[in-house]
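Welcome! Please take a look at the sequence and the model below, and then read on for a short guided tour.

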Amino acid sequence: GELAKEGGNLFLSPYSISSALAMTYAGAEGQTEADMAATLRFTLPEGQLHPAFNRLDLDLESRAKESSPALPDGTPFQLSVANALWGQRGLNFRQGFLDTLAVNYGAGMNVVDFAGATEEARQQINAWVSDKTEERIPELLEKKVLTQLTRLVLTNAIYFKANWAQQFSAAATSTEAFTRLTGDAVDVSFMHQTDRFAYAFGDGWQMVRLPYGNGNVVMDVVLPESGRFPEVEARLREGALNQTLAAASSVSVRLSLPKWEFDSAFSLKDQLTALGMGSAFDPALADFSGMTEDTRLSISEVIHKAFIAVDEEGTEAAAATAVVLWESGAAPTEPDVPVDFTADRPFLFMIRDIPTGALLFVGRVVDPS
């Protein structure tokens, strides 16, 4: 919701962001712990929260084994998650904190030298992220994000590649007009097919659900009526449409959907502060004493980057998040007779894991060109 205020195409992974911040939360104490729990909607006690994230990770990773390999190049359905820690050489981290992250997130500690070799540490972290996202996020951390005062970076990466259960025929793809929020039109490639899909509709909107593989992971495309995009986006963001979306029924749909590919990059510091997590960024208030006794830490940055490509065969998506902590007291760095469903205007979409309900990716397309 905070990011949507900026306009334009939008894509992110709520799952990646919450995972990286959950690892950070494992080392938070006092008011910082309380503020993070409230902002991130963590209602379980820590003894249950981290094992719950672990179970969710394991469930998501099992999707690849449940789905048949259907990608044209013979590679299987892919959904992978990875976590890692990058700590300053010589800094003693609490064993309980390290054990919690190792056992529940599979996050091992990589020792680097932020103080003496900042650029080398940045390149090492970026190389790890690039590898875990099949090179779709080649540079998560840009120059100046890390400084000689950086002491710990917690990273999460998620990669997804899957074919539609009902693929589009490339021969049916044609160039058509897409009307942007500004009212002007742009020519883009539209994919077409008529088949049975889960479909729902309501006041000012309609939705079609496109399954991947065996149907455990799906993309919900929510298409607002012309002129009602902001209203529908706000209702979706507030959860007002959840029950209706869940009650979708199978109908024949004449589907027209544009192809799109874009990436997004954000610093989430301002948004998380606005949502109530300001104490975690304030050097005078932050309490991450659950991580180390050697020095006082606060979050300097939360960086998130995401990539998506949607075509006739399926979807490829990747995202990564880094939570950067430094020694407190430092200055900030810069850093669907068939129902017609024709998405020829701005629309929203979500990639969800059905068995767990996990929201893997979410976004909007206001200009697929």
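## A first stop: S16

S16 is found in helix α1 (residues 14-25); helices (H or I, at least four residues) and strands (E, at least two) are DSSP runs, numbered from the N terminus. This is a predicted model, in which local features need pLDDT of at least 70 and side-chain atom pairs count only at pLDDT 80 or more, while totals for chains, interfaces and linings use all residues. Residues are numbered from 1 along each chain as its sequence is written, and side-chain values use heavy atoms, with hydrogens and water left out.

Is S16 buried or exposed? S16 has a relative accessible area of 0%, so it is buried. Buried means under 20% relative accessible area, exposed means over 50%, and partly exposed is in between (1.4 Å probe, protein chains only). The side chain of S16 makes a polar contact with the side chain of T321, at 2.7 Å. Such a contact is a pair of N or O atoms within 3.5 Å; within protein, one must be able to donate a hydrogen and the other to accept it, and residues adjacent in sequence count only if both atoms are side-chain atoms. Leaving aside residues up to four places away in sequence, S16 touches N156, I158, H304, A319, A320 and T321, where contact means heavy atoms within 4.5 Å.

## How confident is the model?

The pLDDT is the predictor's confidence in each residue, from 0 to 100. For the protein chain its mean is 91, and 95% of the residues reach 70 or more. Over residues 330-336, however, the pLDDT is below 50, and this stretch has 18 contacts in the model beyond near neighbours in sequence. Where pLDDT is low, the predicted coordinates should not be read in detail.

## Aromatic rings

How many aromatic pairs does the structure hold? There are 15 aromatic pairs. Rings of Phe, Tyr and Trp (its six-membered ring) pair if their centres lie within 6.5 Å; planes under 30 degrees apart count as stacked, over 60 as edge-to-face and the rest as tilted. One of the pairs is F160 with Y212, which is edge-to-face, with 5.0 Å from centre to centre and 80° between the planes. This pair links distant parts of the chain, as F160 is in strand β4 (residues 150-163) and Y212 is in strand β7 (residues 205-212), 52 residues apart. F160 counts as buried because its relative accessibility is 0%, and Y212 is buried at 0% too.

In another pair, the ring centres of W164 and F168 are 6.4 Å apart and the planes are at 75°, so this pair is edge-to-face. W164 is buried with a relative accessible area of 4%, and F168 is buried with 5%. These residues belong to one aromatic cluster, whose members include F11, F77, F160, W164, F168, Y212, F347, F349 and F361.

## Strand β14 and its partners

Some of those cluster residues, F347 and F349, lead us to strand β14. In β14 (residues 347-353), 7 of the 7 residues are buried, so the strand is largely enclosed by the rest of the structure. Both of its faces are covered: one side has F347, F349, I351 and D353, the other L348, M350 and R352, and all are buried.

Two strands pair if DSSP finds at least two bridges between them. Strand β8 (residues 217-224) pairs with β14 in the antiparallel sense over 6 bridges, with V221 opposite F349. Strand β15 (residues 359-365) also pairs with β14 in the antiparallel sense over 6 bridges, and there F361 is the bridge partner of I351. β14 and β15 form a hairpin with 5 residues between them, and G357 in the turn has a positive phi of about 80°.

## Helix α9

Which residues of helix α9 (residues 269-277) are buried? They are Q271, L272 and M277. Seen down the axis of α9, the buried residues fall within an arc of 115°, so they line one face of the helix; the arc is that of the directions from the helix axis to the C-beta atoms. These buried residues pack against α1, α2 (30-40), β10 (260-267) and β11 (297-310). The face turned away from the buried side carries the exposed residues D270 and A274.

## Two positive phi values

Most residues other than glycine have a negative phi, and most peptide bonds are trans. Here are two residues with a positive phi.

| Residue | Phi | Location | Relative accessibility |
|---|---|---|---|
| R41 | near 60° | loop between α2 and α3 (46-61) | 70%, exposed |
| E135 | about 65° | loop between α6 (118-132) and β4 | 62%, exposed |
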